[in-house]
Amino acid sequence: MDAFWAWFWGTGWFWFAMFWVALAVNGRAAFKLLLDWKGMLTTCRFVEDAYARLPALPDEARLEREPAAPVFVHVVPAWEEPEIATTLQALLHSRYPHGKLHVVVATREAEERAPHPAMAAPTAELVRRFRETLPPWQQKMLTLVALPGEGRKADQLNWALRPEVLRGLLDGQHDPARVFVGVSDADSIPDPNTHRWIAADVLETGGSLAYQGVTLSLANFDRLDVRGRVCAIQQSSIFIRVSIARLINERRRVAWFARLSARAPGAARLVRPLFDFCFRRSQICLGHHEFVRLDALRALGLFPTAGATEDSALGLALGAHGILIAALPLLELVDLPETTEKMVRQNARWYKGVLDDVAFLWSAWRARPSAFNLAQLGRHVGNKVIEWPIAAVVYPVLGFLGWHLAYRFSAHPLWFVLGVAFPSVSLGLTIWVGGIVTQDLIESLTPHLPRRVSVARTTLRQKFWGTFRCQTYWLLATRGAWRVLWALARTGRFEPAKTDRVARPAWARAPPGRLRSVALTRRRRDSTIVKHA
């Protein structure tokens, strides 16, 4: 064994190669964190500018008179949602003409046949009861449909968008090019000016075929424990530093290339494959706070039903058809799953959707083997399918390896400096960007939230854990990915489960005044367990 280790550590060519691999991975990690920082700043400036211009948006009276103002069919797919009335109340109070906004709740008949035992009534019955409390003009805005048989969220959405349903809502008089289909989850709380902002964009610039709004997972922030609050901030940061920032920058890049094509069409044709392969990025839909024009959605065959997540597939389908999604700067609140198990389950469903999307991207490239489609397929497989499950192990290991090997090659001063600097910078940026900057920027958005939420860290414990446990959410996401891979390896299948918003832990069900005492009880119990262990 000693001879083996002597040989292993003496293989200079192997450690030379590993040194440069570690250097590249650590440099890439630092570069990605800088991009995340820039992405958050871009999104926050985008949001701040939009809210500063809210008073200039057309009011409801003008939109009522304006024949070019779009009509919205806002669909809320729901399954076992005890608090759906909160979302419906927020949508019905949108600042938009009542005759041009239709809210459709899509439930499943299966739930009415076998309701959740912890719910007072099935979701459809809760919607009916809520509708009875509304004034007549709001009752006309709210429609309920139920999907027969089995199906997922995409099937519910498509059931609500059948021609016979739309004819009843729109009186058969509206052009599909003037109708936008909006989607909210049953825990969404959108900004009341959302539809008004899109209408203003349509009237001023002609609008876009699709929009994706800024979503923050802070709706139930006051019900979360310390770990949950850290995860809520981190999940929200994904939306602002990756999802929305990518949409903003993608449109900028495409606009820049369009200007190049106008000035130098010959050169643009030559570099177009390189531009598409190196600089274009896939578009991300979040499954809520999203809007697609009806004619464009019909051209796609409505919402994709093949995969576990219709939202990611929709973004890829829009990109494959050359449709750019516009970033919508107004905010929406959604819930974060309130237990560790639910967060793992949510990420498992998302990772299963990532695996399912590979087949779509492969077929898109086979049908049209362009540089853009090849780049989307390659990045999706590399950055999501492969990197998601292993990043939590690979980056720390290669960071430590980079430090160690820097001393092995200390005879080369430049190599030594790079070998020590890249892992150190990556670790520092992880804490700075993930634990400090993210918190500050999320806090800067709270004055614009559709509901009052305080995310400030008020205790030393919250500040410490929020800063140095900022990778907690990523570890839970890794567990979700491995749960999928393990199930596929053992049984060949994985059935993604919806986030359960019915059953809640005792501390989350406690009234606000009792949350502190419940938290203290949990800490005493945990400390007792540790002592006995």
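Are Trp-197 and Tyr-211 buried or exposed? Both of them are buried. Keep in mind that this is a predicted model. The close-ups below look at its aromatic rings.

**View 1. Phe-16 and Trp-20 pair up within helix H2.** Searching the whole structure turns up 24 aromatic pairs. In this one, the ring centres of Phe-16 and Trp-20 are 6.4 Å apart and the planes meet at 70 degrees, so we call the pair edge-to-face; the cut-off for that label is over 60 degrees. Helix H2 covers residues 12-52, and Phe-16 and Trp-20 sit 4 residues apart in it, which is about one turn of the helix. Phe-16 has a relative accessibility of 38%, so it counts as partly exposed. Trp-20, with 33%, is partly exposed too.

**View 2. Trp-197 meets Tyr-211 edge-to-face.** Here the rings are 6.2 Å from centre to centre, with 90 degrees between their planes. Trp-197 belongs to helix H10 (residues 194-205), while Tyr-211 belongs to strand S6 (residues 210-216), so this pair ties together parts that are 14 residues apart in sequence. As we saw at the start, both residues are buried.

**View 3. Ring pairs join up into a cluster.** Let's stay with Trp-197 and Tyr-211 and bring in their company: ring pairs link them with Phe-72, Tyr-96, Phe-180 and Phe-291.

**View 4. Two arginines lie over tryptophan rings.** Arg-108 lies over the face of Trp-79, 4.4 Å from the ring centre. Arg-162 does likewise with Trp-159, over whose face it lies at 3.7 Å from the ring centre.

Key. Residues are numbered from 1 along each chain as its sequence is written. This is a predicted model: local features need pLDDT of at least 70, side-chain atom pairs count only at pLDDT 80 or more; totals for chains, interfaces and linings use all residues. Side-chain values use heavy atoms; hydrogens and water are left out. Rings of Phe, Tyr and Trp (its six-membered ring) pair if their centres lie within 6.5 Å; planes under 30 degrees apart count as stacked, over 60 as edge-to-face and the rest as tilted. Helices (H or I, at least four residues) and strands (E, at least two) are DSSP runs, numbered from the N terminus. Buried means under 20% relative accessible area, exposed over 50%, partly exposed in between (1.4 Å probe, protein chains only). A charge sits over a ring if NZ of Lys or CZ of Arg is within 6 Å of the ring centre and within 35 degrees of the ring normal.
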